[in-house]
Amino acid sequence: MTASMSQSLAQMVQTDYEIGDYQSSIAPRWCTGCGDTAILTAMQRLCRDEQLPPEKTVCVSGIGCASRLPHYMNAYGFHGIHGRALPIAEGIKIRRPDMSVFVTTGDGDCCSIGAAHWLHAVRYNMNMTMLLHDNNVYGLTKKQASPTSPKGLSTNTTPTGASLNPLNPLTVTLGIANVSFVAQVVDWIPELLYEVLQKAYHHKGFSFIRILQRCPNFMDHHFDAWMQDPARTRILTHGDGLRLRPEMSRVYKNQETHDPRDMARALALAAMPDEVPVGILYSNPDVPCYDELRAGERPSTPALVETVLNEEFDKVGIWPAEEEA
Amino acid sequence: MQHGRITPNPTAREPVSVPLRPALYARFGDLAELRHDYPLVLVDRAEGAPLLRPLSRIIDDTLKLVAPADLTGESLRQQVLRLEADIRRKVMAGEEGRLSDLWREAAAGIVAGEGQAPFGEVDNNLETARKKLPLDGIVIGCDAATPDKVLCHAWNAKQADKARRFRKIVDGLILRLSDILKSDHMKSDEAHDADALAAAMGTTADGTIDFSVLSDVLHRARPEDRLPEDRVARIEHALRVLKEQPFFAPGRASDRGPERRDPYSYSFDNCSDALEAYRDRLPDVLEFTKAMTVAELEMENKYRPELHDPIFERFETSDLSPEQIGLLPSALVCLRDGETMSAEIARSYEALACGLPITVLIQVDDLLGPTSPEPPQNSFGAGTARLAAMAMGLNNAFVLQTTSAHLHRMNDALERGMRYEGPALFCLYSGATPSMPDVAPYILSAAATEARAFPSFVYDPAAGEDWASRFDLAGNPQIAQDWPEHRLLFEDSDGQRMEKAIAFTFADFVICDRRYARFCHAVERSEWSEEMIPVSEWLRSTSKQDERHVPYVSVIDPGDRMFRVGVDGKITEAARRCIDGWKRLLEMGGINNSHVIRALAEDRLRREDEARNVAPTETTEPPAPSAASEPAQAVPVVAEAPAAEPVSDGAPWIETPRCTTCNECVQTNDALFAYNDDMQAYIADPDAGTYRQIVEAAEGCQVSIIHPGQPRNPDEPNLEELIERAAAFN
């Protein structure tokens, strides 16, 4: 809003959205024990705590288990086509900068068929939050190897075991020009999942969160080693990043104070082979945002579009002889 | 350097009849040949561009870009400097135009003068340099029209910025409101009838689609939640008012619909018209402001008729906030002291005092003659220079006083004044005084500041809360002295090179005015005596009636011959008033502030008194024990409390903050397990289910956060086995 009077009058209308206001009439149809439910809950908590009007919130997804999320949010949603969530989200954001835009995608949707859009979305750095639900497998289609599947994983498409080393979404994202926010979290620590999501939401620019997510049906016990041994989870803390409660600190003793502006350390942390870094690896709010750079001097109202088009046509217009006079 | 020559004054002992100039003007004989701050370029508005820039600076900037600093660039430098001199001469002769156009004309003249063909070396050099011009704009000279042109340029630039901001906001609102209506329309019968669907397909429809069938299908599928009629009416009204606003033109020449009114003009040549227009336009301002506020609320879906309707019904002029007024154009009123009626000037002060969005220019051409609001009787030269100082008393108005010669140095202040969201007064001396035709306006306006007759200053209420932040005198020369001093080089009657420091006083400034020639008398060299002292020294003497000394001013005649002119009491009295006014300004600027000086003197006296009264006595008392020597107080050491662990009383419990909302437990028994406000599980009622259910939920929990505790019902079957299974989770 531009005027303080409007703000004052708007404040007369108190909103009190509760978590139920963000739950759609469709009950989540994810498998019992699926990590996606924790992500959905974290998003709904964020919307409630930020009091985001449902009509000002939009979730965009591609195809996959993770991409079902917009159905379960009572907000605007766009269940797009495979790998193409980001271009749609960018279109929404540039036309409606007042909307809070969330993109939910999976490791197959993002890192395989949608990889090109992922790279350029990071480079465009438009103001939105992307959640990569990474369960290391194609779950919706009943277990095929995804780009992040560990080497040797036996799946329908790799019956003798995946032959390639997995792609690391963190190091890839950190290596893209204009990257401005990269975080990693795991679905089984809801408190940190929520806090990272909140930081990402408040970050100005494109916030990329990779969420290690359990798939109880096709990757059962895959993350057990990290779930059961807190020492293998390295919590990244900082004044500008996560701050652990004492109770959490007692459980997760493996902590490192990491400056989110330190790209070199972020890359080293992202590439750690055995430990899972949890927290904000990189955050730089000074990176220019494409949506702000491209914001025209005037909004493209239909009248303005028509005027400009007519001006352009007039430059090359050939008028009938009788109209010349 | 020869500035002047001392020769016997042929007109000595007679009334001064030849045009006189202060000796310090000698080096500025022909301005057309001197690189100075004029011509001035009124720079086209662009991001980061200044409002004004002297041509000479632009040429310097260009040369840095195109001409190598070594000898290889010398030829190009000479050609461009020659072109600059040509433009300067043309502008001083009254020509005016855009810099790029004047450049092309001057370049063609030089090429033709050189006898070269177009596209020859000189032509190419000058064209290369022209393409590197960092700025473009209208080139103006220094004359009577300069203050008006500069201020109008600055004001237009400000209005253009305002218009851009306004259009961005208003167009954004129009777009958003149109979207709301459009999305509502898409749910209507009209949008889905067969004709509308066919029209949407356009001329490419080939009959293969039965639009009536399609219309039926869409009719069944479309949502029913239409907007309430009163909301649609409210949005349509706001949209119409926003679209038809009369404050700013559409911004593009062709963007003019039949519904558009001609935008209001905000430039006036008297205050009465400006005030009348302000009053006449208030209803439009009110309606627009209300529409804009409604639009902003509707955009956020925050308009509630029961809450907001009464507020908008009561909304009136006094409710307009500075922010809302600041969005709309401000008025420009150009007044000219001496020509404008005194009442108009007085009225402009009333408008400024009211805080109306108004920018007032009072152009002054004559500092010494009749002036508004009251023609001076016995104090010439005192009224005009006070206009700006008076406006500072209004407290809420931005005030800038300066002269044409200092305009580009005050560029920053000019921009701040234009940005200021409130009334602003610009008091500018043009230097084009009719009774001083022999001195160029540029010289005269510069001299007015040098002579403290028209000091440059800024009063910016937005700069801070105290005078030190708001008031700035920095634009004046040698601010710490009464009169600025300059070195004068001249040749004496024996042909020897001489040098002396001369103060430039109010008397030096006045001496050029033909109306005051009668208060001067030439003094022949043979009559020079010890009793003759420069005016600056004479004014420093404490006695106002110093009969013994004769104050004089060093002057030159049209032949640059230097001699002395004695000045009468009329002029020295005016000079005293002038310096008195300057000292008051200095005090306001924090220099030689009498309050501070007095307080410092009192403080010094008090300290001296205290020092005298304290007799030096030897102390025999032992020094007070230092804090360190005192026995340290026993600080109770608080043992760190053991970490609070959940105390098991045998009741089942869940580590709720770690719950991942996987639904497993609540699907087992939703009376026993439930979700809290954060959608994380807790034990709602431990007695609402069996111990078996709790143990199985613990086993099924993906993150192992359910702790079954001890069975509550000792009669439950197979308890031993269940307790054994639960042990892993307790």
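Here are some short exercises with worked solutions on a predicted model with chains A and B.

**Exercise 1. Get a feel for chain B: how many helices and strands are there, and what share of the residues counts as buried?**

Start with the secondary structure: chain B has 24 helices and 23 strands. Next, look at burial: 47% of its 730 residues count as buried. Then take the surface, which comes to about 37,000 Å², with 51% of that belonging to carbon and sulfur atoms. Finally, check how far apart in sequence the contacting residues are. Take the contacts in chain B between residues at least 6 apart in sequence, and 70% of them join residues at least 24 apart.

**Exercise 2. Work out how helices H2 and H3 of chain B are oriented to each other: roughly parallel or roughly perpendicular?**

Find H2(B) at residues 74-92 and H3(B) at residues 99-114. Their axes come within 9 Å and cross at roughly 115°. Angles from 65 to 115 degrees count as roughly perpendicular, so H2(B) and H3(B) are roughly perpendicular to each other. The crossing is right-handed.

Now for who touches whom. H2(B) brings residues including B:Val80, B:Leu83, B:Ile87 and B:Val91, and H3(B) brings residues including B:Leu99, B:Leu102, B:Trp103 and B:Ile110. Charged residues take part too, among them B:Arg82 and B:Asp86 of H2(B) and B:Glu105 of H3(B). The full tally for this contact is 10 nonpolar, 1 polar and 5 charged residues.

**Exercise 3. Do the same for helices H4 and H6 of chain A: at what angle do they pack, and which residues meet?**

H4(A) covers residues 85-95 and H6(A) covers residues 115-124. They pack at about 35°, with their axes 8 Å apart. From H4(A), take A:Leu86, A:Pro87 and A:Glu90; they meet A:His117, A:Trp118 and A:Ala121 of H6(A). Sort these residues and you get 4 nonpolar, 1 polar and 1 charged.

**Exercise 4. Decide for A:Val60 and A:Ser283: buried or exposed?**

The cut-off you need is under 20% relative accessible area for buried. A:Val60 sits in strand E1 (residues 57-61) of chain A. Its relative accessible area is 0%, so A:Val60 is buried. Skipping neighbours within four places in sequence, its contacts include A:Phe78, A:Ile88, A:Ile92 and A:Phe102. For a distance check, the C-alpha atoms of A:Val60 and A:Tyr76 are 8.4 Å apart, with their positions 16 residues apart along the chain.

A:Ser283 belongs to strand E11 (residues 276-283) of chain A. At 17% relative accessibility, A:Ser283 also counts as buried. Beyond four places in sequence, A:Ser283 contacts A:Ser180, A:Phe181, A:His203, A:Pro260 and A:Arg261.

**Exercise 5. Place two loop residues of chain B, B:Ala144 and B:His408: where does each lie, and what does each contact?**

B:Ala144 is in the loop between strand E6 (137-140) and helix H5 (146-185). Its 25% relative accessibility makes B:Ala144 partly exposed. Leaving out neighbours within four places, B:Ala144 contacts B:Arg336, B:Gln363, B:Ser430 and B:Ala432. Now compare sequence with space: B:Ala144 and B:Phe211 are 67 residues apart in sequence and 73 Å apart, C-alpha to C-alpha.

B:His408 lies in the loop between strand E10 (398-403) and helix H15 (411-419). B:His408 is buried, at 11% relative accessible area. With neighbours within four places left out, B:His408 touches B:Asp37, B:Leu40, B:Leu52, B:Pro54 and B:Arg57. Its C-alpha atom is 9.5 Å from that of B:Val41, 367 residues away along the chain.

Note on methods. Residues are numbered from 1 along each chain as its sequence is written. Chains are lettered from A and ligands numbered from 1 in the order in which they are written. This is a predicted model: local features need pLDDT of at least 70, side-chain atom pairs count only at pLDDT 80 or more; totals for chains, interfaces and linings use all residues. Side-chain values use heavy atoms; hydrogens and water are left out. Axes are lines fitted to C-alpha atoms, for helices over the stretch in contact, and angles run from 0 to 180 degrees between N-to-C directions. Helices (H or I, at least four residues) and strands (E, at least two) are DSSP runs, numbered from the N terminus. Angles under 35 degrees count as roughly parallel, over 145 as roughly antiparallel, 65 to 115 as roughly perpendicular and the rest as oblique. A crossing is left-handed if the near helix is turned anticlockwise from the far one by less than a right angle, and right-handed if clockwise. Contact means heavy atoms within 4.5 Å. Buried means under 20% relative accessible area, exposed over 50%, partly exposed in between (1.4 Å probe, protein chains only). Accessible areas come from the Shrake-Rupley method with a 1.4 Å probe; for residues, only the protein chains shown count as cover.
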